[in-house]
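Biologist: Please take one helix and look at it closely. Tell me how its sides differ in exposure.

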Amino acid sequence: MLRFILQAVVTALGLWLAAYVVPGVAFLSTGSLIAAAVLLGLVNAFVRPILVFVTFPLTVVTLGLFLLVVNAATIGIVAALLGGFVVDGLWAGVGAAIVTGVISWIAGGLIPDKRIQRDG
C-alpha cells in the first residue's frame, strides 16, 4: 500500500511537471491532479497491460516507440474520465507520457525497491 502511495506521489509530480511544460495539458485544481495520479495508477495497473498485449505487433514493428502512444492513450483515458484534467490531443498526451515516464524513471532509480533481495 505504501508503494502505491509513493508511486501516486511520483506520478502526481510527473503530471504536474507535464502540465507546466507541455502545452495542452492542464489541471483545474490540486484535487484533480491528485485524483488523476491515483486514477492513472489504476489505469496503468489494469488497462495498460491489455493495451500492450493488443498492440504488441505494432510495438515490435516500431521497435518499441508505439509504447509512447499506449502511454498517451492511458493518460487520455484518465483525462476523459476526470473532469478537472485536460489533455488537448495526441501530441499533448505523448508529451505528458514522456515527462511522466522520465520522472518515474528517475524516481525509480532513487527509491530503493525492497522486493529485490541482494546476496552478500
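**Two faces of α2**

Modeller: T30, I34 and F46 are the exposed residues (over 50% relative accessible area, 1.4 Å probe, protein chains only) on the face of α2 turned away from its buried side. This is a predicted model: local features need pLDDT of at least 70, side-chain atom pairs count only at pLDDT 80 or more, and totals for chains, interfaces and linings use all residues. Residues are numbered from 1 along each chain as its sequence is written, and side-chain values use heavy atoms, leaving out hydrogens and water.

Now the buried side. S32, L33, A36, A37, L40 and V43 are the buried residues of α2 (under 20% relative accessible area). They cover an arc of only 140° around the axis, so they lie on the same side of α2; the arc is that of the directions from the helix axis to the C-beta atoms. An α-helix has 3.6 residues a turn, so residues three or four places apart point the same way.

What covers these buried residues includes α1, β1 (25-27), α3 (48-54), α5 and β2 (85-87), by contact (heavy atoms within 4.5 Å). Helices (H or I, at least four residues) and strands (E, at least two) are DSSP runs, numbered from the N terminus. T74 is placed in α5 (residues 66-81). T74 is buried, because its relative accessibility is 2%. Among the residues T74 touches, not counting those up to four places away in sequence, are L40 and V43.
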